[in-house]
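Hi everyone, thanks for making time. I'd like to walk you through a structure you probably haven't looked at before, so please have the viewer open.

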Amino acid sequence: MMTPSFAENVPNITVVAGKDVVLPCIVDNLEHFKVAWVRVDTQTILTIHTKVISRNPRVGLAQSSKRHWYLRLKNVEPGDRGYYMCQINTDPMENRKGYLEVLVPPNIVDSGTTDGVVAREGSNVSLSCRATGHPEPNITWKREDGSEFIHNGISVSAIESEVLQLTKASRLHMGPYLCIASNGVPPSVSQRIPLKIQFPPMLWIPNQQELAYNGQDVVLVCHIEAYPKSINYWTTAKGDMIISGDKYEAVSSDDSYRVYMRLKIRSVGLDDYGAYKCVAKNSLGETDGTIKLYEIPNPHTTVGMITNVVNRQTSTEPSIRHAKKKERKRARPNKGNSPAIQNEVTDDNNHGDVVEDEAPGPHPTYGPTYYGTIDSREHSSSSTSLTIQRHSSKDVICCAVVCFLFRQFIASFSA
């Protein structure tokens, strides 16, 4: 008679908790001998030959022939982890054993995990996270939006530790953090832990001075940072609280602890110039900022005035040119009845134009008739006087325009 023997060893098997598993046992030459499955660590008999001895409903036996004996475990639990033995009741007993490894995905437990933290700015903050699983999970901290944060003076995107320590936490640390637990067994799990940093309101104003002319729409802007969220409002130049309506449009939007405030003033009038205040208040304090609105001349009106002045200056030029021509025709008289003399006068300012003074033919005379050339000294003084007159006219006009604009600018700031 041949002695029974194992055709192969019982394998080591790894399974994720919640799955089903089958442990094989293959025996040659079994004959009249019997096969049994035993739990090694507890010395518990699970099956004997074709009968299931264990009272655990998850334990079963599958047999395809006298050679193949299979131990079946349904819905494996972490407690099923350990050695399992297949044995033959020979003398001495023959056996083979294999190890069942049960993997458990990570799970974050409430005990030992921070639910959320509220702290004053400048204090030290600790965030804790605890998870179970097999193998033991690793804990990683990240911001929910993936941005970097300051840890021990260094900008980091992630920290591996059960406890996240933040020294002198500031408003820049504020926001939700993710505690991520992983151990190589899918799926990884995470928990959202919000961090809130309290501080009194602070604000900044991009433009502390705004300029506008009568009838113009103007927008004032103010930026605020505060937590807890602050009560924000505008006051007028007279100190009254502003409510949106036909005259004013107050709009604000917030992003976390940041608030953007915008005040639109429609059709600015004389009563609207002055100081406006942007005010922010919360339980830790309050602050305000001032924006001054100044009046400036209406650019459309100023352009129209300059155009009228230029048009008046242009309209006087033909009269001045005509007067110069008449001045050049004046001649010094000569004695005698000599023929008409053609006079030519060249004016540098007229680019070499020739002015002719001629006698068309015989005509009656009443007393002496005088002909002659224009005296050079007289022409020189006349031309110079006309030139000075024209330049002086331009200078006066330009000076008037500049003085007007300067007076308007000074008056706006005095207001």
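I'll start with the whole chain, then go through some strands, a surface patch and a few charged pairs.

First things first: this is a predicted model. So how confident is the predictor, on average? The mean pLDDT of the chain is 81, and 73% of the residues reach 70 or more. There is one stretch to watch, though: over residues 331-393 the pLDDT is below 50. That stretch still has 66 contacts in the model beyond its near neighbours in sequence. Where pLDDT is low, the predicted coordinates should not be read in detail. I'll leave that part alone today.

Okay, the overall picture. How many helices and strands does the chain have? Two helices and 29 strands, so get ready for a lot of E numbers, which are just strands counted from the N terminus. There are 415 residues in the chain, and 34% of them are buried. The accessible surface comes to about 25100 Å², with 51% of that belonging to carbon and sulfur atoms. And if you take contacts between residues at least 6 apart in sequence, 61% of them join residues at least 24 apart.

Let's go to a sheet. Look for the open one with four strands: the order is E1-E3-E8-E7, and the pairing is antiparallel. Which strands stand at the edges? Those are E1, residues 5-6, and E7, residues 59-63. Each has a single partner strand, so one side of each is left without a neighbour in the sheet. Now zoom in on E7: five bridges join E7 to E8, which covers residues 68-73. If you want one pair to click on, take Gln 63, whose bridge partner in E8 is Trp 69.

While we're here, have a look at Pro 57, in the loop between strand E6, residues 51-52, and E7. Is Pro 57 buried or exposed? Its relative accessibility is 75%, so Pro 57 counts as exposed. From Pro 57 to Leu 73 you go 16 residues along the sequence, and their C-alpha atoms are 9.1 Å apart in space.

Next, a quick stop at the surface. Ile 45, Ile 48 and Ile 53 make a nonpolar patch of about 240 Å². Ile 48 sits in strand E5, which runs over residues 44-48. With a relative accessible area of 38%, Ile 48 is partly exposed.

Now further along the chain, to E20, E22 and E25. E20 and E22 run antiparallel and are joined by four bridges. Among the residues there, Phe 199 has Tyr 227 in E22 as its bridge partner. On to E25, residues 258-265: E22 pairs with E25 in the antiparallel sense too, over eight bridges. In that pairing, Ile 224 stands opposite Val 259 in E25.

Last topic: charges. Side chains of opposite charge can pair when their charged atoms come close. This structure holds twelve salt bridges, and I've picked a few.

One is between Arg 39 and Asp 41, at 2.9 Å from N to O. Arg 39 has a relative accessible area of 12%, and under 20% counts as buried, so Arg 39 is buried.

Then there's Arg 192 with Glu 144, at 2.8 Å from N to O. What does this pair tie together? Arg 192 lies in strand E20, residues 189-204, while Glu 144 is in the loop between strand E14 (138-143) and strand E15 (149-151), so the pair ties together parts that are 48 residues apart in sequence. Arg 192 is partly exposed at 47% relative accessibility, and Glu 144 is partly exposed at 40%.

My third pick is Asp 254 with Lys 229, where the closest N and O atoms are 3.4 Å apart. This pair also links distant parts of the chain: Asp 254 is in strand E24 (residues 248-255), and Lys 229 is in the loop between E22 (218-227) and strand E23 (231-235), 25 residues apart. Asp 254 is partly exposed at 48%, whereas Lys 229 is exposed at 58%.

And to finish, find Glu 121, Arg 171, Glu 225 and Arg 258: salt bridges that share partners join them into one network.

That's my tour, and I'm happy to scroll back to any part of it.

Definitions and conventions
Residues are numbered from 1 along each chain as its sequence is written. This is a predicted model: local features need pLDDT of at least 70, side-chain atom pairs count only at pLDDT 80 or more; totals for chains, interfaces and linings use all residues. Side-chain values use heavy atoms; hydrogens and water are left out. A salt bridge is a side-chain nitrogen of Lys or Arg within 4 Å of a carboxyl oxygen of Asp or Glu. Buried means under 20% relative accessible area, exposed over 50%, partly exposed in between (1.4 Å probe, protein chains only). Two strands pair if DSSP finds at least two bridges between them. Patches are made of residues with over 30% relative accessible area and no salt bridge: like charges are joined within 9 Å, nonpolar side chains (Val, Leu, Ile, Met, Phe, Trp, Tyr) within 5 Å. Accessible areas come from the Shrake-Rupley method with a 1.4 Å probe; for residues, only the protein chains shown count as cover. pLDDT is the predictor's confidence in each residue, from 0 to 100. Contact means heavy atoms within 4.5 Å.
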